[in-house]
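Work through the exercises below with the sequence and the model side by side, and try each task before reading its solution.

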Amino acid sequence: MPERLAEMLLDLWTPLIILWITLPPCIYMAPMNQSQVLMSGSPLEINSLGEEQRILNRSKRGWVWNQMFVLEEFSGPEPILVGRLHTSLDPGSKNVEIMYILKGDGAGTIFQINDVTGDIHAIKRLDREEKAEYTLTAQAVDWETSKPLEPPSEFIIKVQDINDNAPEFLNGPYHATVPEMSILGTSVTNVTATDADDPVYGNSAKLVYSILEGQPYFSIEPETAIIKTALPNMDREAKEEYLVVIQAKDMGGHSGGLSGTTTLTVTLTDVNDNPPKFAQSLYHFSVPEDVVLGTAIGRVKANDQDIGENAQSSYDIIDGDGTALFEITSDAQAQDGIIRLRKPLDFETKKSYTLKVEAANIHIDPRFSSRGPFKDTATVKIVVEDADEPPVFSSPTYLLEVHENAALNSVIGQVTARDPDITSSPIRFSIDRHTDLERQFNINADDGKITLATPLDRELSVWHNITIIATEIRNHSQISRVPVAIKVLDVNDNAPEFASEYEAFLCENGKPGQVIQTVSAMDKDDPKNGHYFLYSLLPEMVNNPNFTIKKNEDNSLSILAKHNGFNRQKQEVYLLPIIISDSGNPPLSSTSTLTIRVCGCSNDGVVQSCNVEAYVLPIGLSMGALIAILACIILLLVIVVLFVTLRRHKNEPLIIKDDEDVRENIIRYDDEGGGEEDTEAFDIATLQNPDGINGFLPRKDIKPDLQFMPRQGLAPVPNGVDVDEFINVRLHEADNDPTAPPYDSIQIYGYEGRGSVAGSLSSLESTTSDSDQNFDYLSDWGPRFKRLGELYSVGESDKET
């Protein structure tokens, strides 16, 4: 403890001793004599007169300095002397008394000057880290007149540093990473500490770094603070994170220096230095034989001590008797292998399988390839469990053929199915009636024989597609379905006939041997070798004197005329029966009749008319021309009728007759219904009193007392008469004529309806005022006046009030 105290005192007094040695020549210089004064290092010019008459040509300060020093953090009992200002002017002169003045940074607050002696003291504790230097101005003035005895001079007071600030790590705590298995001396990171002391003066800011905690794993360079690995091949799987405590000490690390610490967390990053390893060498899985394809039947996992992509492994089936039935895929999230089913299983065929599975790292680091293969293998045994399977048909599809003339209930085919389970169950067969809505087929439930239920017709439908269902008798939920396609085979059951309804036309001026019509036949049947038809005339028509037939190579028939000179006057229509036979076995035939009409043709053989009436028309006048003539005649008649009608309307007078009163033709439409032609839309009877229908309410007409004055003649109007104005004038005259009927009359409508218990609600006949009115009777009028009665009815207390 005494040694520590001695070191602290030595560190404190060392700068003071240095300051004491350097202070006298810098701060204070005694006057040499009154004849020699130095001012800023320049010699003073002396007058050549006598010693009593020497006069200064210029006033200069009697001291020399550039800067003063004061120790920071000094906290003595009295103000510390910083320096002394002194001039070479005679202080003992009776004529001049000198007063020293100090101005500038901290003058009067931090620094104080004795105006007589010129001593400068620091009156406050100074901190170099807050302000390192102060600029002040000193001046000597006359005590009485305050006149400057010399120009002001500027000087600097520097705060001298002491080691009062410890190093600091401003960015701590720190984090760094380094790959595991790194070699010795691998750089991890570097840290930096700062010291607020003066780096120029002494060793107060000279830092030295060291590690307090973290050995023997890491080391640090004392000057640069670079942290390195101190052990080789550190394994992340053994320890992943390290805490290192770093110290920075000033004064070059010597005793008595201040220090600061921080922490560094070093994390080892992973490298692929560990191979995958299966948790067990043998895996057992069981799977039902009826499992759906693609279902996961088990998982295997190879553990890898590495992390991230270094732990990723791919899985493969490299050997075994089930390589074709199973597959394995890698799960990137769980890092395991999933075994799935690729093909159906059959317990009755094979009850177990053995697979050899391999797991290998995907990302290999060649630096660690010498550690061995980064892969591992395991054996997987899969046991197939028996399941109640549905029936299995002998074929996935069936194709049956049946002739369309097959007899009802005849067997057209058979389907077979079996139960693949060891405990075989009997099978029942049925037809899915949704595929056989017309119920054309039946099936034997025991042996699967399909029979015909209704006749078939190939010409209506060639194919029939049905579905057969096989069901286990012991377990009705186990069913299977199979499609059955039934093709209907053709038999010759349709006779040939004309392909369409033919109608032939024969020209009167035709030539012998001319082809009248070419016909073809059709057969609904579909023979294997195609159609071949035979044409012939009826036996009694073989020697037909008018027509003959000719078979063409394209299986068609041409009808030819034997002679010319056909005349529609003699015979307009000829009927020619033709026998058509097919080539079936047995062959079928039918007789079709061709209608041949005799027509009038042009010289080019173009048919013009086939009617007998057209024959009596004038030569050269066709039916189209006759129609055009008739149309023209009808149009002329219509024009004549319109002309006569217009002339008749034109002769009618437009002037109103004298005996007609124009007022009687004015109809007012004040209602909104019925339209312009409905003049009775408003029924006046709705306003009549039904009680007065038989009472004949009399009209009270006012007979005019004045005689009608004849109106003045109207001024002649131009040809363009305004009908609206004419009517308005006549209407005005009629309204103002008191002698013209009807007279002004008063119609009384005193009836206000029947069936209301309220009677009249009119206030015209009321003899009482509102104040005398009693509305209590409103409550007796029924529910419709209930609310009104509540508003107007008052009680006895209200009346008194």
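**Exercise 1.** Which residues form a disulfide, and how many Å apart are their sulfur atoms?

Solution. This is a predicted model, and a pair of cysteine sulfur atoms has to lie within 2.5 Å to count as a disulfide. The sulfur atoms of C507 and C601 are 2.0 Å apart, and these two residues form a disulfide. By this rule the count comes to one disulfide. As for what is being tied together, C507 belongs to strand β33 (residues 503-507) and C601 to strand β39 (residues 589-601), so the pair links parts that are 94 residues apart in sequence. The angle about the S-S bond is -85°, and the link of C507 and C601 is left-handed.

**Exercise 2.** Decide whether C507 and C601 are buried or exposed, and then classify C632.

Solution. The cut-offs needed here are under 20% relative accessible area for buried and over 50% for exposed, with partly exposed in between. Both C507 and C601 are buried. C632, by contrast, has a relative accessibility of 48%, so it counts as partly exposed.

**Exercise 3.** Find which residues make a nonpolar surface patch of about 370 Å², and place L637 within the chain.

Solution. The patch is made by I629, L630, I633 and L637. Of these residues, L637 sits in helix α2, which covers residues 623-651. The relative accessible area of L637 is 54%, so L637 is exposed.

**Exercise 4.** How many helices and strands does the chain have, and what percentage of its residues count as buried?

Solution. The chain has five helices and 42 strands, and 32% of its 801 residues count as buried.

Technical notes. Residues are numbered from 1 along each chain as its sequence is written. This is a predicted model: local features need pLDDT of at least 70, side-chain atom pairs count only at pLDDT 80 or more; totals for chains, interfaces and linings use all residues. Side-chain values use heavy atoms; hydrogens and water are left out. Helices (H or I, at least four residues) and strands (E, at least two) are DSSP runs, numbered from the N terminus. Buried means under 20% relative accessible area, exposed over 50%, partly exposed in between (1.4 Å probe, protein chains only). Patches are made of residues with over 30% relative accessible area and no salt bridge: like charges are joined within 9 Å, nonpolar side chains (Val, Leu, Ile, Met, Phe, Trp, Tyr) within 5 Å. Accessible areas come from the Shrake-Rupley method with a 1.4 Å probe; for residues, only the protein chains shown count as cover. A salt bridge is a side-chain nitrogen of Lys or Arg within 4 Å of a carboxyl oxygen of Asp or Glu.
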